[in-house]
Amino acid sequence: MTPFDVTGLDAVVVGGDTRAAAQVAALLDGGATVTVVAPELTATIDDLVGRGLVRWIRDEAEADLERFDLVLRGRPRAPEPDRILDVGSVTLVGGGPGDPG
């Protein structure tokens, strides 16, 4: 259940990442009409667009954000939980179960 009622509001989510997918789901659960503005989408949002549940605008310059009742933007430069931040190496120390050593 959504903790807020957005029934009938025209909402826009700027961004198509995993954070945006969670926001889109909450807005849909709350009863809003949802538009996503992003050059690329996660598979989840793409599926919602394909089913006609969400509108997609690829270019933010083409979106008139002033016309929406509610505008949600992502945090700039916030890393996504599933994003690889760096490449390194792992050294295993000690053995696991059944290690004779």
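Does Thr42 count as buried or exposed, and at what relative accessibility? In this predicted model, Thr42 comes out at 18% relative accessibility, so this residue counts as buried, the cut-off being under 20%. Thr42 sits in the loop that links β2 to α2, the helix of residues 43-50. Setting aside residues up to four places away in sequence, Thr42 touches Gly16, Asp17, Thr18 and Ala21. Then there is Arg19, 23 residues away along the chain, whose C-alpha atom is 9.8 Å from that of Thr42.

Stepping back to the whole chain, the tally is 2 helices and 4 strands. Read from the N terminus, these elements follow the order β-α-β-α-β-β. The chain has 101 residues, and 30% of them count as buried. About 7200 Å² of the protein chain is exposed, with carbon and sulfur atoms supplying 52% of that area. As for contacts with a separation of 6 or more, 50% come from residues 24 or more positions apart.

The 4 strands make up an open sheet, lined up as β3-β2-β1-β4, with parallel pairing. Strands β3 (54-57) and β4 are the edge strands; each has a single partner strand, so one side of each has no neighbour in the sheet. On average, neighbouring strands here are turned by 20 degrees against each other, direction ignored. Helix α1 packs on this sheet and touches β1, β2, β3 and β4, while its direction makes about 170 degrees with that of β1.

Now for strand β1 itself, which covers residues 10-14 and is mostly covered, with 5 of its 5 residues buried. In general, side chains in a regular strand alternate between the two faces of the sheet. In β1, Asp10, Val12 and Val14 point one way, Ala11 and Val13 point the other way, and all are buried. On one hand, β1 is joined by 5 bridges to β2 (residues 33-37), and the two run parallel. Within that pairing, Val12 stands opposite Thr35 of β2. To get from β1 to β2, the chain passes through helix α1 (residues 18-30), and this β-α-β crossover is right-handed.

On the other hand, β1 also pairs with β4 (residues 70-73), again running parallel, through 4 bridges. Here Ala11 stands opposite Leu70 of β4, and Val14 has Arg73 as its bridge partner in that strand.

One residue of β1 deserves a word of its own: Asp10, which is placed in this strand. Is Asp10 buried or exposed? With a relative accessible area of 19%, Asp10 is buried, because the cut-off is under 20%. Leaving out neighbours within four places in sequence, Asp10 is in contact with Thr33, Arg67, Phe68, Asp69 and Leu70. Among these contacts, Leu70 is also the residue that stands opposite Ala11 in β4.

Terms used: Residues are numbered from 1 along each chain as its sequence is written. This is a predicted model: local features need pLDDT of at least 70, side-chain atom pairs count only at pLDDT 80 or more; totals for chains, interfaces and linings use all residues. Side-chain values use heavy atoms; hydrogens and water are left out. Buried means under 20% relative accessible area, exposed over 50%, partly exposed in between (1.4 Å probe, protein chains only). Two strands pair if DSSP finds at least two bridges between them. A crossover is right-handed if, with the strands pointing away from the viewer, the path from the first strand over the helix to the second runs clockwise. Axes are lines fitted to C-alpha atoms, for helices over the stretch in contact, and angles run from 0 to 180 degrees between N-to-C directions. Contact means heavy atoms within 4.5 Å. Accessible areas come from the Shrake-Rupley method with a 1.4 Å probe; for residues, only the protein chains shown count as cover.
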